[in-house]
Amino acid sequence: MSTTDGTPLSAHVDAITDAGEYRARSGKPLRLPDGREIGAISEVPRLYVTRAFARLAQAPVLPYATRLEMLAKAADLFENAVLEGQSIDDYLDLVGLCAGVPRAVAQASIAAIARTLRALPDTLAQEIPRGAVTSLDDPRVREGAAYWARQGRTLAVHASGNTPGVHGLWPSALALGYSVAVRPSSREPFTPQRLVRAFREAGFTSHVALLPTDHEVADVLVEQADRALVYGGQSVVDKYAADPAVLTQGPGRSKTVITDDVDWRAHLDTVAASVAGLGGAACTCTTAVLVEGDRARAEEFAAALAERLAEPEAGKHRTELPLVTARQLSEYVERVGQGTTAHGRTDIVETVAPDTAVLHPVVRVAADAKAPVLGVELPFPCVWIAPFSRADGIAPLAGSLVVAAITEDMEFAQRLLDEPGIANVYVGAHTTTWMKAGVPHDGYLSEHLMRTKGVIR
């Protein structure tokens, strides 16, 4: 139970507010995938949360330029600095050994989050409506204008633990003048802990908080905040569906579609990267591939994809899981995959250490594009293949965070763009995991946090 240099590994994730770090009396053990306990994550009570939000709501709104300067400074600190005694290598050890996230994935996430923070001036400039102003000093106010205004003062974030990269989204709220409280995932609390420390050292001492809680108190954050960003499964999406103050980030169910006017053999690497990139755990990873043509063409594609995913390079970023969890996921695949055809390795659980395992990719072919299994999303490389026809319409592709359309048919691509149930459309040889600062992930967060007001002076 040690880091890469042999130092004993220990971890404590405490609450962080304007008063500093606070270790609660109650806590939840932090464990390695093999079950060994290495520390604890504090679980603060309801009263602590309500008092923290009362102070967050009173934090002064800093000038816009000042906020952007502080965020750029925080990017450098997050990426390089020793924060509260934690070096970047300490952080990577914790994320890798405790959360099971491959070191290369964590390193890439650090760089991506830092890039996102540095790009916020350009990103927010794109998000602001063209006719809107951000200051009463803007000369357009004299003739009457739209003012870009916050819809509240505080944002609560219920973070997920599938990949560190999810924490690249909520910091833009700080740029917009919000105060933010994050409830970290108990599986991977180390990224938000490091980010909050970086923000505090950069100057956001009264504007950001880390509030780990148990599940009962978690709802208090949403109740106390003016706006909320909540990650979770379909049950979480359903829970908050009627609350306009809550933006849910649920299952991505991202898909790739390959039409019959292209040769799928030329795009195997792209599809494999979409399935296995980021350990197969991100909401942008491909969950289903629709192959235009008959069942035989889908089976041929699936066999080739399974072979490509079995190559060592494709498997080096697999997440380590408790052995019992890996076996449960394998059993679940067998249950939901009844009636599908399996390609590749049939025993997908590989023990890599005592009580620790990785899961090999699952590639299975369903009878048609209407099969419910195409919507099953799992936290490892698991992809469902089905035959598809453009004549059947685009309904099988709806309900997707990303659709990567490998096609030469721009009319078909336009239909995908016009479908309200698809958040992002990438046309051509692009992975579903492709991202770029300034390009919306699931819309811009500012669409949830901001509004326009009429103003004249």
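**Nonpolar cores**

I looked first for the largest nonpolar core of this predicted model, taking a core as a set of buried Ala, Val, Leu, Ile, Met, Phe, Trp, Tyr and Cys residues joined through side-chain atoms within 4.5 Å, and found that it has 61 residues, with W170, F190 and F199 making the most contacts inside it. Helix α2 (residues 64-80) contributes the most to this core, namely 7 residues. I read helices (H or I, at least four residues) and strands (E, at least two) as DSSP runs numbered from the N terminus. A second, separate core holds 33 residues, among them A326, A357, V362 and F388.

For F190 I listed contacts (heavy atoms within 4.5 Å) and, leaving aside neighbours within four places in sequence, obtained A11, V13, L30, Y91, L94, V95 and C98.

Conventions I kept to: residues are numbered from 1 along each chain as its sequence is written, and side-chain values use heavy atoms, with hydrogens and water left out. Local features need pLDDT of at least 70 and side-chain atom pairs count only at pLDDT 80 or more, while totals for chains, interfaces and linings use all residues.

**Helix α2**

I then checked the geometry of α2, which has 17 residues and spans 25 Å from its first C-alpha to its last, close to the 24 Å expected at 1.5 Å a residue; the expected span is 1.5 Å times one less than the number of residues. Its buried residues are R67, L68, M70, L71, A74, A75, L77 and F78, where buried means under 20% relative accessible area, exposed over 50% and partly exposed in between (1.4 Å probe, protein chains only). These buried residues pack against α3 (88-97), α4 (103-118), α5 (120-127), β7 (145-150), α6 (172-175) and α7 (190-202).

**T432 and its surroundings**

I located T432 in the loop between β22 (422-427) and α15 (446-449), and at 0% relative accessibility it counts as buried. The T432 side chain reaches the backbone oxygen of T284 at 2.7 Å and makes a polar contact with the side chain of T286 at 2.9 Å. For a polar contact I required a pair of N or O atoms within 3.5 Å; within protein, one must be able to donate a hydrogen and the other to accept it, and residues adjacent in sequence count only if both atoms are side-chain atoms. Not counting residues up to four places away in sequence, T432 touches residues including S254, K255, T256, V402 and Y426.

**Strand β13**

Following S254 to T256 led me to β13 (residues 254-258), in which 5 of 5 residues are buried: S254, T256 and I258 point one way, and K255 and V257 the other. In a regular strand the side chains alternate between the two faces of the sheet. I found 5 bridges joining β13 to the parallel strand β14 (residues 286-292), with A288 as the bridge partner of K255; two strands pair if DSSP finds at least two bridges between them. β13 also pairs in the parallel sense with β21 (residues 400-406) over 4 bridges, and there V257 stands opposite A405.

**Positive phi**

Lastly I noted R253, which has a positive phi of about 45 degrees although it is not a glycine. R253 sits in the loop between β12 (246-249) and β13 and, at 23% relative accessibility, counts as partly exposed.
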